[in-house]
Amino acid sequence: MASLTALTRKDLEKLQAEHPDYSMELVDGQIVIMSPSGYESDEVAAEFTAQLRNWVKPRRLGRVTGSSAGFDLPSANVRAPDVSFVLAERLPKSPRSFAELAPDLMVEVKSPTDTLKSLRDKIQFFLTQGTKIGILMNPQRRRVEIYRPDSEVEILGDSDILTIPDLLPGFEVAIVDLWSPEF
């Protein structure tokens, strides 16, 4: 009978070095190869990243990263949200490899190949690992879902303003401004 060996962060690093063109995560001891996102979903993620970074950086509040930044979580999984934010006092210097903590804020943007269930599960997983706020952005439905541990989901639409007063007091962005423009 064959036995499966759970893979580790070192295995992920080795595979990533051997196959740099692939984005990978380590989930429950298995390597998961991530498919490219859709154009629209990546544009939405880039817009949110820009809005967040442009607000965070001059205030020196922390670090904002995109989908290539991996987090070595307490569970030994290595995952990468589409957008993440870590408070400065938790990560005063950028690590060369994976950040060995859960981000304070993580964002997932639904692409055509994603299921809402898988994205919601990923957000819930991050919340169990110490993330304070998870955001799910659905460009197709023009809807944003905000998750916090032990709280009901907050749902926002185009007429709403996204605020995160418990983590980023003063940060505001109109939901309608996050979606891909039409020219």
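How many Å should the 13 residues of α3 span at 1.5 Å a residue? The answer is 18 Å, and the end C-alpha atoms of α3 are indeed 18 Å apart, so the two agree. Keep in mind that everything in these close-ups comes from a predicted model.

**View 1. Helix α3 and its two sides.** Let's stay with α3, residues 116-128. Its buried residues are Leu-119, Lys-122, Ile-123, Phe-126 and Leu-127. They cover an arc of only 140° around the axis, which puts them on the same side of α3. Flip to the face turned away from that buried side, and you meet the exposed residues Lys-117 and Thr-128. Why do residues a few places apart end up together? An α-helix has 3.6 residues a turn, so residues three or four places apart point the same way.

**View 2. Helix α2, from end to end.** This helix covers residues 39-56. It has 18 residues and reaches 25 Å from its first C-alpha to its last, close to the 26 Å expected at 1.5 Å a residue. Which residues of α2 are buried? Look for Ser-41, Val-44, Ala-45, Phe-48, Thr-49, Leu-52, Trp-55 and Val-56. Seen down the axis of α2, these buried residues fall within an arc of 135°, so they line one face of the helix. Tyr-39 and Asn-54 are exposed, and they sit on the face of α2 turned away from its buried side.

**View 3. Aromatic rings that pair up.** You can find three aromatic pairs in the structure. One of them joins Phe-48 and Phe-171, edge-to-face, with 6.4 Å from centre to centre and 80° between the planes. This pair links distant parts of the chain: Phe-48 belongs to helix α2 and Phe-171 to strand β12 (residues 168-174), 123 residues apart. Are these two rings buried or exposed? Phe-48 has 0% relative accessibility, so it counts as buried. Phe-171, at 2%, counts as buried too, because the cut-off for buried is under 20%. Now move to Phe-125 and Phe-126: their ring centres are 6.4 Å apart and their planes are at 85°, so this pair is edge-to-face. Phe-126 is buried, with a relative accessible area of 0%. Back at Phe-48, there is a bit of a gathering: Phe-48, Trp-55 and Phe-171 form one aromatic cluster.

**View 4. The largest pocket.** This pocket has a volume of about 810 Å³. Of the 35 residues that line it, the closest to its centre are Met-34, Ser-35, Ser-67, Ala-80 and Asp-82. Which elements give two or more residues to this lining? They are β1 (23-27), α2, β5 (78-79), β7 (105-109) and α3. Helix α2 gives the most, with five residues. Sort the lining by class and you get 13 nonpolar, 13 polar and nine charged residues.

**View 5. The second largest pocket.** Here the volume is about 270 Å³. Around this pocket you'll spot Arg-53, Val-56, Lys-57, Arg-60, Leu-61, Gly-62, Arg-63, Val-64, Ala-88, Leu-91 and Pro-92. Helix α2 and strand β3 (62-65) are the elements that give two or more residues to this lining. The largest share, three residues, comes from β3. By class, the lining of the second largest pocket divides into six nonpolar, one polar and four charged residues.

**View 6. Two loop residues with a positive phi.** Ala-76 has a phi near 80°, which is a positive value in a residue other than glycine. You'll find Ala-76 in the loop between β4 (71-72) and β5. At 47% relative accessibility, Ala-76 counts as partly exposed. Asp-150 is not a glycine either, yet its phi is positive, at about 55°. Look for Asp-150 in the loop between β9 (143-147) and β10. Is Asp-150 buried or exposed? It is exposed, with a relative accessible area of 85%.

**View 7. Glu-154 and Ile-135.** Glu-154 is in strand β10 (residues 154-156). With a relative accessible area of 34%, Glu-154 is partly exposed. How many residues lie between Glu-154 and Ile-135 in terms of sequence separation, and what is their distance in space? They are 19 residues apart in sequence and 9.5 Å apart in space, C-alpha to C-alpha.

Conventions:
Residues are numbered from 1 along each chain as its sequence is written. This is a predicted model: local features need pLDDT of at least 70, side-chain atom pairs count only at pLDDT 80 or more; totals for chains, interfaces and linings use all residues. Side-chain values use heavy atoms; hydrogens and water are left out. Rings of Phe, Tyr and Trp (its six-membered ring) pair if their centres lie within 6.5 Å; planes under 30 degrees apart count as stacked, over 60 as edge-to-face and the rest as tilted. Helices (H or I, at least four residues) and strands (E, at least two) are DSSP runs, numbered from the N terminus. Buried means under 20% relative accessible area, exposed over 50%, partly exposed in between (1.4 Å probe, protein chains only). On a 1 Å grid over the protein atoms alone, a cavity is a set of points where a 1.4 Å probe fits but cannot get out, and a pocket is an open set with protein on both sides within 12 Å along at least five of seven lines; lining residues have an atom within 4 Å of a point. Grid points are joined across faces, edges and corners, and a volume is the space filled by probe spheres set on the points. Ala, Val, Leu, Ile, Met, Phe, Trp, Tyr, Cys and Pro count as nonpolar, Asp, Glu, Lys and Arg as charged, and the others, Gly among them, as polar. The expected span of a helix is 1.5 Å times one less than its number of residues. The arc is that of the directions from the helix axis to the C-beta atoms.
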